[in-house]
Protein chains: 2
Amino acid sequence: MQKGDRTRALILEEAVALASQVGLEGLSIGSLAERLDLSKSGLFAHFGSKEDLQLLTLKRAQALFQERVFSPALDHPRGLPRLRSLLSNWLSWIGENDDLSGGCLVLSASAEYDDRPGAVRDLLVAGQRELRGAIVKAIRLAIEEGHLAPRTDPWQLGFELYGIVLATHHDRRLLEDTRSIARAQDAIERLIRSHRPPAGT
Amino acid sequence: MQKGDRTRALILEEAVALASQVGLEGLSIGSLAERLDLSKSGLFAHFGSKEDLQLLTLKRAQALFQERVFSPALDHPRGLPRLRSLLSNWLSWIGENDDLSGGCLVLSASAEYDDRPGAVRDLLVAGQRELRGAIVKAIRLAIEEGHLAPRTDPWQLGFELYGIVLATHHDRRLLEDTRSIARAQDAIERLIRSHRPPAGT
DNA sequence: GCTTTACGAGAACGATCGTTCGTTCTAGTA
DNA sequence: TACTAGAACGAACGATCGTTCTCGTAAAGC
């Protein structure tokens, strides 16, 4: 019972790469099988349905994000350093495209399924809620550590930071603007500075 | 030569509504014909190909954006009032969903086609360039009028404002967060204030 | 009112979609 | 070496995709 699991993992790896280009809905079993030199039915047998394939592909992408962006940030001390690391990893994730030649799958899937009810959307919403919650937690820790002003609204700041990331991904992908990363760093730095605690405390 | 143009307009109107839900690629001629009580071939005859239909649908959405968001802003005096009006109209466009029950088609299409070369993507990029250029122009006018600090980088500010709009659309659509509009207004106001010209001039 | 034009319906095309089925091949166990 | 469970194949399913024809009918121009 090992061979099956290994090919399954290979399939999902390729599925993430392909779906990041053509979208989770555009991901077809036939084209995926062709890219892997597998038969359509052989590939399909690993998943009960197309929706299962989509769900597992999305979960794999989420796990990839977790291990590349989020987990490394936990190595940094809580507060501003950790928050900065998180954002920095995130921008790198967007900028370089190791396996994700088609941009961040989670972001494109979010736009794709924001109006399509179903299990995929539910998973997407759950992941997004978790992510935003984690950002807010990092901000709260930064406030506790005295790195950010106590009057800072964590959800508001999280919203604005997320907006910067979205704009970066958009400009980088659609407009092919390589300066967007620098723009984002600029914006983040200024935003953080404007939430610094009052000097004499 | 009138009947044809009228039904063509009706088709495109419905196409915008449908595509904003299922995406420009997910837009199928069969389902569109069914929603309009037309035959598949009858509908198809109005366009030479599916790509033409997609292009015209996107153009219609762009025109709609222009007349609902951009043009009304020109009635306001140049400078900060015009820029504020533009952003306010934009947030309303995102918040209310008159015909666009599936969110802004241009935004979802941007995520959909950011990695798919072709005429649709080209049109999308051209529209986005025009839009961002217009924002920058509005910002420049605000600087000239003395409403914003002379050291303001128009492209940087445009980038950040666009990010806020993206986050608003995202939170409103995927997370169904109605507070996102208020968050955006907050963020915009603070961002503008931080670019105010030095007091004593 | 008649003729001409264009508009839409209907049937059919090859291709591809997700899915099912029975069969063959491969690896591991006794 | 014989047996067996799992993995992949190849063919086929009905449905739908975009697209191409022909043909009747409605609207437009005189």
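**Two chains, two DNA strands**

Of the 19 residues around DNA strand C, the ones that come nearest are A:Gly30, B:Gly4, B:Ser39, B:Ser41 and B:Gly42; "near" here takes a C-beta atom, placed from the backbone, within 6 Å of the molecule or strand. This is a predicted model, where local features need pLDDT of at least 70 and side-chain atom pairs count only at pLDDT 80 or more, while totals for chains, interfaces and linings use all residues. Residues are numbered from 1 along each chain as its sequence is written, with chains lettered from A and ligands numbered from 1 in the order in which they are written.

**The DNA strands**

- For strand C, α2 (29–35) and α3 (40–44) of chain A plus α1 (3–26) and α3 (40–44) of chain B each give at least two residues to the nearby surface; helices are DSSP runs (H or I, at least four residues), numbered from the N terminus.
- That surface near DNA strand C splits into five nonpolar, 11 polar and three charged residues (Ala, Val, Leu, Ile, Met, Phe, Trp, Tyr, Cys and Pro count as nonpolar, Asp, Glu, Lys and Arg as charged, and the others, Gly among them, as polar).
- Over at DNA strand D, 21 residues surround the strand, and the closest are A:Gly4, A:Ser39, A:Ser41, A:Gly42 and B:Gly30.
- Here α1 and α3 of chain A and α2 (29–35) and α3 of chain B each supply at least two residues, and the surface comes out as six nonpolar, 11 polar and four charged.

**Chain A meets chain B**

- 33 residues of chain A are in contact with 33 of chain B, contact being C-beta atoms, placed from the backbone, within 7 Å.
- On the chain A side, two or more residues each come from α1 (3–26), α6 (105–113), α7 (119–144), α8 (154–173) and α9 (180–193).
- The top contributor to that side is α8(A), with 11 residues.
- By class, the chain A side has 12 nonpolar, 12 polar and nine charged residues.

**α5 against α8 in chain A**

- Helix α5 (residues 80–95) of chain A packs with α8(A) at about 20°, axes 10 Å apart (axes are lines fitted to C-alpha atoms over the stretch in contact, and angles run from 0 to 180 degrees between N-to-C directions).
- α5(A) and α8(A) are therefore roughly parallel, a label for angles under 35 degrees.
- A:Leu87, A:Trp90, A:Leu91, A:Ile94 and A:Gly95 of α5(A) meet A:Leu161, A:Val165, A:Thr168, A:His169 and A:Arg172 of α8(A).

**A:Arg35**

- A:Arg35 sits in helix α2 of chain A and, beyond neighbours within four places in sequence, contacts A:Glu14 and A:Leu18.

How values were computed
Two residues are in contact if their C-beta atoms, placed from the backbone, lie within 7 Å. Angles under 35 degrees count as roughly parallel, over 145 as roughly antiparallel, 65 to 115 as roughly perpendicular and the rest as oblique.
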